[in-house]
Amino acid sequence: MEHWRRLLLSLLLAVPIGAVTHGVAADTDAGKSKAEACTPCHGDKVSAAENTPSLASQPDQFLQWQLVFFRSGARKSEVMGPIAEQLSNDDVRDLGAYFASLKAADPTTAKGADDQPDLTDAGKKAAAVGHCASCHGDNYAGSKAVARIAGQREDYLLKALHDYKAGVRSGGGVAAMAEVAYPLSDQDIAALAHYLARL
């Protein structure tokens, strides 16, 4: 059963979302204009809103899939659901391309000195044990339909991992993430979130 689940996930990640939407080219300038409505919560580069992800430098396909999941209701959010329902396929492509084109903020500048180095070490070990790099990449920058988790907001990473563990969050990669998150303790999740947020 696990073999088939992994095969299905790999096939899903291999299909470019542009192929689903007829390969129309995205317009990053249009995406920049459309993103003005996103910045009050998600920020220009770094989100200032609690439990709200930073979107700069997220992989294009990942962003597009998340918007499609919100739009269809496959991923639930009282905030994002109504917003995504209004988005056309062009909007989804343009927003994905725009945010993917932005350089991620430097976490050492944005977050200051690490005040919990022991937690960082524990998070690094938990990431190795959980094989996080096998999907998210050696530098945790993500690719294709897999999220960038390096430098993400710590509180958002905590929420996302708890949601995966509880089976609350669905969408692309949910089978893999649920399998990874389920055995994690609260301490493991806190350590992972702290470590990844500081990369």
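The following paragraphs describe the fold, the nonpolar core and selected local features of a predicted model.

The protein comprises 13 helices and zero strands. Read along the sequence, its pattern is accordingly written α-α-α-α-α-α-α-α-α-α-α-α-α. Of the 199 residues in the protein, 40% are buried. Among the contacts with a separation of 6 or more, 73% are between residues 24 or more positions apart.

The largest nonpolar core contains 34 residues, and the members that touch the most others are F99, Y140 and L192. Two or more residues of this core are given by each of α5 (60-72), α6 (80-85), α7 (89-101), α9 (117-129), α11, α12 and α13 (186-197). The largest share comes from α13, which supplies six residues. In general terms, nonpolar side chains tend to be buried together in soluble globular proteins.

Y140, one of the core members with the most contacts to other members, is placed in the loop between α10 and α11. The relative accessible area of Y140 is 8%, so this residue is classed as buried, the cut-off being under 20%. Apart from residues up to four places away in sequence, Y140 touches A127, C132, A133, R148, I149, A150, Y195, L196 and L199. The backbone of Y140 is also notable in that phi is near 60 degrees, a positive value in a residue other than glycine. Most residues other than glycine have a negative phi.

A second non-glycine residue with a positive phi is N51, for which the angle is about 60 degrees. N51 lies in the loop between α4 (39-42) and α5. Whereas Y140 is buried, N51 is partly exposed, with a relative accessible area of 32%.

The loop between α10 (133-136) and α11 also holds G142. G142 has a relative accessible area of 22% and is therefore partly exposed, since buried residues fall under 20%. Residues touched by G142, with those up to four places away in sequence left out, are P59, H136, A147 and R148. R148 is also among the residues touched by Y140. The C-alpha atom of G142 is separated by 9.3 Å from that of S57, although these two residues are 85 residues apart along the chain.

Helix α11 spans residues 154-166 and thus has 13 residues; the distance from its first C-alpha to its last is 18 Å, close to the 18 Å expected at 1.5 Å a residue. The buried residues of this helix are D155, Y156, L157, A160, L161, D163 and Y164. Just after α11, G167 adopts a positive phi of about 75 degrees.

R169 is found in the loop that connects α11 to α12 (174-181). This arginine is buried yet has no salt bridge. The nearest side chain of opposite charge belongs to D163, 6.2 Å away, and the pair therefore does not meet the salt-bridge criterion of a nitrogen-to-oxygen distance within 4 Å. The side chain of R169 is instead joined to that of Y164 by a polar contact of 3.2 Å. Both D163 and Y164 are among the buried residues of α11.

Conventions
Residues numbered from 1 in each chain as written. Predicted model: local features only at pLDDT ≥ 70, side-chain atom pairs only at ≥ 80, totals over all residues. Heavy atoms only, no water. Helix = DSSP H or I, 4+ residues; strand = E, 2+ residues; numbered from the N terminus. Buried < 20%, exposed > 50% of the residue type's maximum accessible area, 1.4 Å probe, protein only. Lys, Arg positive; Asp, Glu negative; His and termini not counted. Polar contact = N/O pair within 3.5 Å; in protein donor to acceptor, adjacent residues only side chain to side chain. Core = buried A, V, L, I, M, F, W, Y, C linked by side-chain atoms within 4.5 Å. Contact = heavy atoms within 4.5 Å.
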